[in-house]
Amino acid sequence: MHSLRRALYLALAWVSFALGVVGVFMPLMPTTCFMLLAVWAASRGSPRFAMWIREHPRFGPTVLAWEGERAIPRHAKWVAGIMLSLSIMVLLVTLSLVWLKLLLVAGLTLLGVWIVTRPEPAGVAAGSMARLVRR
């Protein structure tokens with residue numbers, strides 16, 4: 001059973017990682033939350049895969065900033081803001097149900113406000129990364 005649980009965590013990690021990569025290119029599809037889920041699952045199924053994500057040049061800094069400080073880098077805030085704005089514009093043009101349109105726009109706006117109000121990381125040093133890996 002232990003190996004089945006490990007395999008399920010690893011499968012969840014790979015699916016989450018793949019969805020996070022898709023989110024880089026598609027509006028309405030988040031990236032960071034899928035990467036955080038991938039690291040969480042990988043740390044239980046394959047610590048080596050979790051380390052690879054943390055060390056990835058594109059995804060690693062954001063994951064480490066969140067794990068270490070619950071902070072979101074400024075560039076990630078900008079990208080999230082732009083993608084949320086694009087998503088809102090797409091929703092406004094494509095949805096015909098007014099109540100659904102208002103609900104989704106309000107939700108995405110609140111998400112944007114939450115993202116902007118998160119602190120920015122002070123920086124993750126090599127020692128901080130080593131502490132995160134040992135968790």
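**Exercise 1.** Determine how far apart the end C-alpha atoms of residues 78-100 lie, and what share of the span is helix or strand.

*Solution.* In this predicted model, the C-alpha atoms at the two ends of residues 78-100 are separated by 26 Å. Turning to secondary structure, the span is 87% helix and 0% strand. As a further step, the UniProt annotation "transmembrane region", taken from an unreviewed entry, covers residues 78-100 as well as residues 12-42.

**Exercise 2.** Describe how the axes of helix α2 and helix α4 are arranged, and identify the residues that make the contact.

*Solution.* Begin with the axes: those of α2 (residues 32-45) and α4 (residues 60-69) come within 10 Å and cross at roughly 70°. Because angles of 65 to 115 degrees count as roughly perpendicular, α2 is classed as roughly perpendicular to α4. Next, list the participants: α2 contributes T32, M35, L36 and V39, while α4 contributes T62, V63, W66 and E67. Finally, sort these residues by character, which gives 5 nonpolar, 2 polar and 1 charged in the contact of α2 with α4.

**Exercise 3.** Characterise the protein chain by its elements, its contacts, its buried residues and its accessible surface.

*Solution.* The protein chain holds 7 helices and 0 strands, so that the order from the N terminus reads α-α-α-α-α-α-α. For the contacts, consider those between residues at least 6 apart in sequence, of which 62% join residues at least 24 apart. Of the 135 residues in the protein chain, 33% are buried, where buried means under 20% relative accessible area. The accessible surface comes to about 8,700 Å², with 71% of this belonging to carbon and sulfur atoms.

Note on methods: Residues numbered from 1 in each chain as written. Predicted model: local features only at pLDDT ≥ 70, side-chain atom pairs only at ≥ 80, totals over all residues. Heavy atoms only, no water. Helix = DSSP H or I, 4+ residues; strand = E, 2+ residues; numbered from the N terminus. Buried < 20%, exposed > 50% of the residue type's maximum accessible area, 1.4 Å probe, protein only. Contact = heavy atoms within 4.5 Å. Areas by Shrake-Rupley, 256 points an atom, 1.4 Å probe, with all protein chains shown as cover. Axes fitted to C-alpha atoms, helices over the stretch in contact; angles between N-to-C directions. Parallel < 35°, antiparallel > 145°, perpendicular 65-115°, else oblique. Nonpolar A, V, L, I, M, F, W, Y, C, P; charged D, E, K, R; others polar. UniProt positions renumbered as here; feature names shortened; annotations may be inferred.
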